Amino acid sequence: MERRKLNENEISKKLETLNGWKSVENKLHKRFEFSNFAESLTFVNRVGQIAEKHDHHPDITFGWGYAEIFITTHDRGGITDIDFLIAGETDSI
């Protein structure tokens with residue numbers, strides 16, 4: 001995968017293919033809701049497996065009943081195609 005920084009037009013079009021993700025400060029962002037802490041932790045661990053598989057690691061915050069994912073390509077200074085790949089796989093959990 002090229003990991004080319006996408007422009008705003010490209011990001012807007014690709015966001016249409018995802019469910020509930022937003023572009024915020026050069027990052028893809030989505031908040032996930034759960035019934036309890038254990039479900040949040042399980043989800044975060046599964047996101048971690050995806051990140052390790054692709055060697056591309058999102059920023060994650062989580063707690064009781066929620067997890068927030070922020071994905072960007074730091075060395076490109078913004079959102080790239082790999083960020084959308086990670087977002088799509090995260091949605092498939």
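This tour proceeds through the sheet, the helix that packs on it, and the nonpolar core. The model shown is predicted.

**The sheet**

Begin by selecting the four strands, which form an open sheet in the order S1-S2-S4-S3 with antiparallel pairing. Strands of a sheet pair through backbone hydrogen bonds, either parallel or antiparallel. Next, colour strand S1 (22-24) and strand S3 (59-63), which stand at the edges. Each of these has a single partner strand, so one side of each is left without a neighbour in the sheet. Viewed across the sheet, the twist averages 25 degrees from one strand to the next.

**The hairpin of S1 and S2**

Select S1 together with S2. The two strands form a hairpin, with two residues between them. Their antiparallel pairing runs over three bridges, and Val-24 is found opposite Lys-27 in S2. In the turn, select Glu-25, whose phi is positive, at about 50 degrees.

**From S2 to S4**

Keep S2 selected and add S4. These strands pair in the antiparallel sense over six bridges. For a landmark here, display Phe-32, which stands opposite Ala-67 in S4.

**Helix H3**

Now add helix H3 (81-91). Helix H3 packs on the sheet, where it touches S2 and S4, and its direction makes about 10 degrees with that of S2. Show the side chains of Ile-82, Asp-83, Phe-84, Ile-86, Ala-87, Glu-89 and Thr-90, which are buried in H3. The buried residues of this helix pack against H1, S2, H2 and S4.

Which residues does Phe-84 touch, leaving aside those up to four places away in sequence? Its contacts are Leu-6, Ile-11, Lys-14, Leu-15, Leu-18, Leu-28 and Ile-79.

**The nonpolar core**

Finally, select Trp-21, Leu-28, Ile-69, Ile-71 and Phe-84. Of the 19 residues in the largest nonpolar core, these five touch the most other members. To see where the core draws its residues, colour helix H1 (8-15), strand S2 (27-33), helix H2 (37-54), strand S4 (66-71) and helix H3 (81-91), the elements that give two or more residues to it. Phe-84 links this last stop with the previous one: the residue is buried in H3 and is among the core members with the most contacts to other members.

Definitions and conventions: Residues are numbered from 1 along each chain as its sequence is written. This is a predicted model: local features need pLDDT of at least 70, side-chain atom pairs count only at pLDDT 80 or more; totals for chains, interfaces and linings use all residues. Side-chain values use heavy atoms; hydrogens and water are left out. A nonpolar core is a set of buried Ala, Val, Leu, Ile, Met, Phe, Trp, Tyr and Cys residues joined through side-chain atoms within 4.5 Å. Buried means under 20% relative accessible area, exposed over 50%, partly exposed in between (1.4 Å probe, protein chains only). Contact means heavy atoms within 4.5 Å. Two strands pair if DSSP finds at least two bridges between them. Axes are lines fitted to C-alpha atoms, for helices over the stretch in contact, and angles run from 0 to 180 degrees between N-to-C directions.
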